[in-house]
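Got the viewer open? Here's a walk through the model, one selection at a time.

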Amino acid sequence: MAVLTPAEVLREARSIERELPSTTPRLGIVASFTSDLVHPYLIYEAHRAGWPLLPWHGPFGQFEQVIMQESPLWAHAPEAIWIAMRLQDVEPKLVERSQSMGPARIRNALAGVCSRLVGLAQAARARSSAPVFVSNLELAQLRSGRPFEACDPDGIFCQIEEANRELARALQGIPDAYVFDWAGVVGACGAAGFTDPKLWHMAKAAVAAQHMPRVATALIRTVTAVLRTPLKCIVLDLDNTLWGGVLGDDGPTGVKLGGEYPGNVFREFQSALLGFADRGFLLAIASKNDAAVVDDMLRTHPEMLLRHEQFACIRANWSPKPQNLREIAAELNIGLDSLLFVDDNPVERAQMRADLPMVQVLELPENPLGYLEALRGCPLLDRPRVLSDDANRVAMYRENALRQELQQKVQSLEEYLHQLEMVAEVSHCSRTELERIHQLINKTNQFNLTTRRHKLDEVRAFMEDPGSRVASLRLADRFGDMGLVCVGILRGVGTEVAEVDTLLMSCRVMGRSVEDAFLAYLAGLARDGGSARLRGVFRVTPKNSPVVRFYEERGFTQVEAQEADAVWYEKELAPGSFPWPGVIRQKQTAKEAVYDTYSAASL
Amino acid sequence: MTPIQQQVCRLVGDVFGLPPEEVTLKTSHDTVEKWDSLNIVHLVMAVEAEFGVEITPDDAVDFLSVELICAILGEKGVA
């Protein structure tokens with residue numbers, strides 16, 4: 001991809017901006033330098049990332065004025081906020097005179113900047129649910145003149161690292177607040193020429209012209225990783241992707257894997273893939289090979305890092321790959337647009353793009369030495385937070401294979417469900433589950449009645465509202481623990497009609513009556529809260545057709561909807577009208593895990 | 001117009017969002033409303049990248065019309 005000149009970026013950005021609808025989400029920016037100069041680059045990069053954003057720039061340096069009070073920023077209802085404060089702009093003395101200040105005053109100055117940043121992030125959180133990105137601190141360009149400063153544990157550089165750690169820790173305590181790794185961007189661009197002294201003194205531009213594209217790319221990548229629904233599964237080719245050579249021709253001893261070059265390149269690539277599995281991505285195989293040969297390779301080759309247990313699904317056959325990807329998506333019960341296809345063969349990639357345009361395809365370079373960089377460079381694989389359930393997901397999908405085996409052995413669905421020995425643990429307003437609940441709300445597509453993507457602090461607000469309930473269900477069976485699989489939010493509990501604002505379930509547990517158990521629990525919460533009827537809302541999306549008749553099938557009656565894009569149903573909360581299914585045992589939740597709404601309200 | 005002048009006209013068009021046929025040697029901060037200090041910085045970056053020359057802050061003060069920009073480039077041996 002050719003690098004555009006500054007004039008070309010301006011021209012492109014202007015034509016992109018002209019086409020942006022007025023509803024384009026805003027990226028609110030408050031900076032201690034002239035962020036306006038990066039504007040065209042941000043427009044251009046957001047467009048390229050497939051996530052159009054329209055930056056709004058606050059007046060230079062006016063952090064508190066813009067964030068802590070009514071201001072045009074809030075009138076724009078931004079979808080994301082970047083707090084871009086540079087150390088050298090707010091504590092200029094640290095730049096040249098740090099030695100005269102001594103360790104304690106350096107520490108105080110840095111702590112002051114950190115607490116100012118954290119206060120700004122908290123203030124932003126109080127006014128909006130938009131994710132907040134706070135630049136971390138850097139003075140990298142000073143390093144060129146001070147080779148021994150890093151020897152001093154109380155010197156400016158060591159203390160900045162310490163301050164960045166404190167900043168990260170404090171931001172982690174604020175919902176949907178993130179560090180934007182400004183120090184990392186400066187380091188990647190090269191500290192020496194990062195700021196052009198002329199542009200700085202003429203226009204308070206912190207970034208030299210040649211580095212603006214990189215700064216914009218990094219910011220947009222960070223922001224969109226938080227905003228978009230993450231991919232779920234990396235589907236891998238085998239020959240010349242996970243090892244060098246062709247297994248069918250060269251045999252397990254002939255393929256290049258491990259040892260010296262080039263085998264070590266492929267082993268390193270496998271190791272990186274293990275890292276992605278640790279971060280919650282499923283791995284799958286789509287390879288044109290004999291299944292038995294692949295099976296043997298995975299089981300016995302001493303240098304393989306990826307083995308059967310790392311793959312949620314393996315398709316080694318001679319069918320066209322798009323068909324295999326369809327089957328993988330179906331087996332894992334995820335959308336085709338949750339798959340990333342990784343294949344060294346450009347013909348296979350082109351076929352995939354043509355046949356299944358919704359599948360993401362990783363562009364691999366011809367030389368395997370570049371594979372790792374291509375994988376790490378893929379913004380779709382960025383994951384802002386890794387939760388404990390994420391890391392266990394491959395195991396969960398393997399347990400699923402055992403369940404399928406059982407299902408084939410037994411005579412009826414009823415018997416299968418009984419033999420699963422399911423245990424459901426229901427709870428509501430459990431703070432410890434907040435992050436996982438938020439994650440499910442934002443990624444569940446199929447079994448999702450309203451697909452309302454509530455932000456983290458909106459969920460928290462529901463938990464604290466005495467008229468609402470945020471309920472969840474954890475499921476385990478004889479094969480394993482599936483973790484938290486259902487989320488429901490009730491509103492108007494205590495009024496005549498309680499409404500199901502949100503009802504969703506992980507598609508891994510569809511068809512096991514779990515939804516009926518959960519609905520029975522929700523109905524119980526509404527009835528215990530004093531409501532007489534339960535209102536179910538269905539909002540159609542391109543993906544939630546599996547639940548289009550959910551309420552009808554459960555004896556709800558359609559009523560006139562008060563929203564344009566929704567269908568409303570109601571059902572009396574009479575005793576016995578929402579039976580708990582007999583095939584699932586209900587487990588009482590341990591008391592300490594539950595955050596009770598009533599005590600929260602009285603705190 | 002010389003090729004250099006045409007190039008400068010194109011850059012000015014890109015920076016201020018003007019259709020190419022509207023930009024002439026006489027286009028200046030008097031005729032273009034958005035010709036402000038911020039866009040002068042964009043113009044400096046564009047000219048430096050296009051012609052591979054260094055524009056000093058003193059030069060930038062005179063970035064007020066297509067004609068003046070061409071004159072500054074001429075002084076720097078771009079012709």
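Start by selecting Phe479(A), which sits in the loop between β12 (469–477) and β13 (480–491) of chain A. Bear in mind as you look around that this is a predicted model. Now show what surrounds the ring: leaving aside residues up to four places away in sequence, Phe479(A) touches Glu399(A), Leu402(A), Arg403(A), Leu406(A) and Leu420(A). For a sense of scale, add Val459(A) and draw a distance between the two C-alpha atoms. Val459(A) is 20 residues from Phe479(A) in sequence, and the C-alphas are 31 Å apart in space.

Next, widen the selection to the sheet that holds β12 and β13. It is an open sheet of 8 strands in chain A, ordered β16-β17-β15-β14-β13-β12-β11-β18, with mixed pairing. Colour β16 (557–559) and β18 (584–587) of chain A separately: these stand at the edges with a single partner strand each, so one side of each has no neighbour in the sheet. Look along the sheet and you can follow the twist, which averages 30° from one strand to the next.

Zoom in on the β16 edge. β16(A) is joined by 3 bridges to β17 (residues 567–572) of chain A, and the two run antiparallel. Which residue stands opposite Gln558(A) in β17(A)? Pick Tyr569(A) and you have the partner. Then bring in helix α20 (residues 434–443) of chain A, which packs on this sheet and touches β12, β13 and β14 (497–505) of chain A. The direction of α20 makes about 80° with that of β13(A).

Time for the other sheet on the tour. Select the 5 strands of chain A that form an open sheet in the order β2-β1-β3-β4-β5; here the pairing is parallel. The edge strands are β2 (54–57) and β5 (177–180) of chain A, each pairing on one side only. Neighbouring strands in this sheet are turned by 25° against each other on average, direction ignored.

Stay at the β5 edge. Strand β4 (residues 132–135) of chain A connects to β5(A) through 4 bridges, and the two run parallel. Click Val132(A) and look across to β5(A): Ala177(A) is opposite. Turn on helix α7 (residues 156–172) of chain A as well, and you'll see α7 lying across β4 and β5 of chain A, at about 155° to β5(A).

Last stop: show chain B and look at where the chains meet. Here 15 residues of chain A are in contact with 21 residues of chain B. Between them, chain A and chain B bury about 1500 Å², 72% of it on carbon and sulfur atoms. Which three residues supply the most of the area that chain A buries against chain B? Select Arg14(A), Lys198(A) and Met202(A), which together supply 35% of that area.

Keep Lys198(A) highlighted and add Glu54(B). These two form a salt bridge, with the closest N and O atoms 3.3 Å apart. The count between chain A and chain B is 3 salt bridges, and 6 residue pairs are in polar contact across the interface, both residues at pLDDT 80 or more. On the chain A side, the elements giving two or more residues are α1 (6–19) and α9 (197–203). α1(A) gives the most, with 5 residues. Finish by colouring the chain A side by class: you'll find 10 nonpolar, 1 polar and 4 charged residues touching chain B.

Notes:
Residues numbered from 1 in each chain as written. Chains lettered and ligands numbered in written order. Predicted model: local features only at pLDDT ≥ 70, side-chain atom pairs only at ≥ 80, totals over all residues. Heavy atoms only, no water. Pairing = 2+ DSSP bridges. Axes fitted to C-alpha atoms, helices over the stretch in contact; angles between N-to-C directions. Contact = heavy atoms within 4.5 Å. Buried area = accessible area lost by both parts, 1.4 Å probe. Salt bridge = Lys/Arg side-chain N within 4 Å of Asp/Glu carboxyl O. Polar contact = N/O pair within 3.5 Å; in protein donor to acceptor, adjacent residues only side chain to side chain. Nonpolar A, V, L, I, M, F, W, Y, C, P; charged D, E, K, R; others polar.
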